[in-house]
Amino acid sequence: MAVPLFDTSGPLAAIDAEIRAKVNAILDAGVFVLGPEVRAFESEFAAYTGTDHAIGVANGTDALVLALRALGVGPGDEVIVPSFTFYASAEAIPHTGARPVFCDVDPDTMCITPETVKAVMTENTKAVIAVHLFGNVAPVEDIEALGVPVLEDAAQAAGTVLEDGRRPGALGTIATWSFYPSKNLGAFGDGGAVTTNDDILAEAVRTLRFHGSRDKQTFEMVGHNSRLDELQAGILRVQLPHLDTWADGRRAGAQHYEDAGLGELVTLPKATAGARPAWHLYVVRSERADELRAALNDAGIGARAYYRVPAHLQPAMHEWGDVTLPGTEEAARTNLAIPMSPVLSRAQADEVVAAMRALAPAL
């Protein structure tokens, strides 16, 4: 049985007609930029995340840049960021003129901790980017207690919830989202958002996303052209009511793996305390990760390593990458993403575990 790493089409099958009807309605209306669909999605997504404001932008990377600028990050400042993350988390920082400062992660949760942040804080630290990696939740409140604003990079955490009912996007000072098609809540192209409870930060992001203008006539800042378009907002609106059901499906998929005995073969991902992750990716760890990947791929099962070269070792980060990060190095060396989706079945989980178990004597 072939098992894909992602299954983006399966969950959408039941709402295909509704999506097509929404797209046709937008085409008929002829409004494509910052119209009623964007406004409605912003309101609905703010309510979903439990925040006062959601601002739609063009993509998740722009969301990071705009959020950092809204926080006042600029030349001479430092922003702490994990190295074990998608490159965009770090890439956004130099665009503000600030310096990225790389911190380590806990290899068990693959998220930053107050200890790894405190180890690299200086008097120039302006903000911390806490990445909710693979759908897990970084301990935002404990980090913010160190006395610095936390920007949540929640791109991979749509549908994740804490045991007390709170959600990523409402835990820190400001948060950013990506709606890239493979994400838990995915557009049919690029899209992103910023969420916050801070009225001033929200207004700054709204102004920055439209060339630094509030009225299209007066330009108060050197801004950006970064707007979520009506088509993507409409598609996201159709999907949003299904997100919690899909998140439950992802959690059920993780349970299928546990019940199938996957933990006997590899180290399973560990949720941070109080978190119920909607696993965007289900990332296990093994010292034989590359052998497992090859065996799974040969069996028609999707598997790949993520961030084998962490951000601080990327060529463009050479100026800031002279650091030692043992947790990051371990996570980068040993991680392996295996199939995960809202519709991952027990039979598919059994297939994945059986393919791994065939290598068990060599592991």
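In the predicted model, helix 9 passes helix 12 in a right-handed crossing. The axes of helix 9, which spans residues 243-259, and helix 12, which spans residues 346-357, come within 9 Å and cross at roughly 45°, and the two helices are therefore oblique to each other. A right-handed crossing is also found where helix 3 passes helix 7. Helix 3 and helix 7 (residues 199-209) pack with their axes 9 Å apart, at an angle of about 125°, and this pair is therefore likewise described as oblique.

Helix 3, which covers residues 60-70, contains V65, a residue that is buried because its relative accessible area is 7%, below the cut-off of 20%. Between V65 and L344 there are 34 Å in space, taken from C-alpha to C-alpha, and the two residues are 279 residues apart in sequence.

Turning to charged residues, side chains of opposite charge can pair when their charged atoms come close. Across the whole structure, a search finds 20 salt bridges. One of them joins R237 to E37, with the closest N and O atoms 3.0 Å apart. This pair links distant parts of the chain, since R237 lies in helix 8 (residues 230-239) and E37 in helix 2, 200 residues apart. R237 is partly exposed, with a relative accessible area of 23%, whereas E37, at 12% relative accessibility, counts as buried. Both residues also belong to a network of salt bridges in which K22, E37, E44 and R237 are linked.

Within helix 7, the side chains of R206 and E203 meet in a salt bridge with an N to O distance of 3.8 Å. These residues are three positions apart in the helix, so about one helical turn separates R206 from E203. R206 has a relative accessible area of 27% and is therefore partly exposed, and E203, with 28%, is partly exposed as well. A further salt bridge is formed by R288 and E291, whose closest N and O atoms are 2.4 Å apart. Here R288 is partly exposed at a relative accessible area of 28%, and E291 is partly exposed at 38%.

The surface also carries a nonpolar patch, formed by L27, F32 and V33, which together have about 260 Å² of accessible area. Of these residues, F32 lies in the loop between helix 1 (16-29) and helix 2 (36-49), and F32 counts as partly exposed because its relative accessibility is 39%, a value between the limits of 20% and 50%.

Note on methods
Residues numbered from 1 in each chain as written. Predicted model: local features only at pLDDT ≥ 70, side-chain atom pairs only at ≥ 80, totals over all residues. Heavy atoms only, no water. Patch = residues over 30% accessible without salt bridge, like charges linked within 9 Å, V, L, I, M, F, W, Y side chains within 5 Å. Areas by Shrake-Rupley, 256 points an atom, 1.4 Å probe, with all protein chains shown as cover. Salt bridge = Lys/Arg side-chain N within 4 Å of Asp/Glu carboxyl O. Helix = DSSP H or I, 4+ residues; strand = E, 2+ residues; numbered from the N terminus. Buried < 20%, exposed > 50% of the residue type's maximum accessible area, 1.4 Å probe, protein only. Axes fitted to C-alpha atoms, helices over the stretch in contact; angles between N-to-C directions. Parallel < 35°, antiparallel > 145°, perpendicular 65-115°, else oblique. Left-handed = near helix turned anticlockwise from the far one by under 90°.
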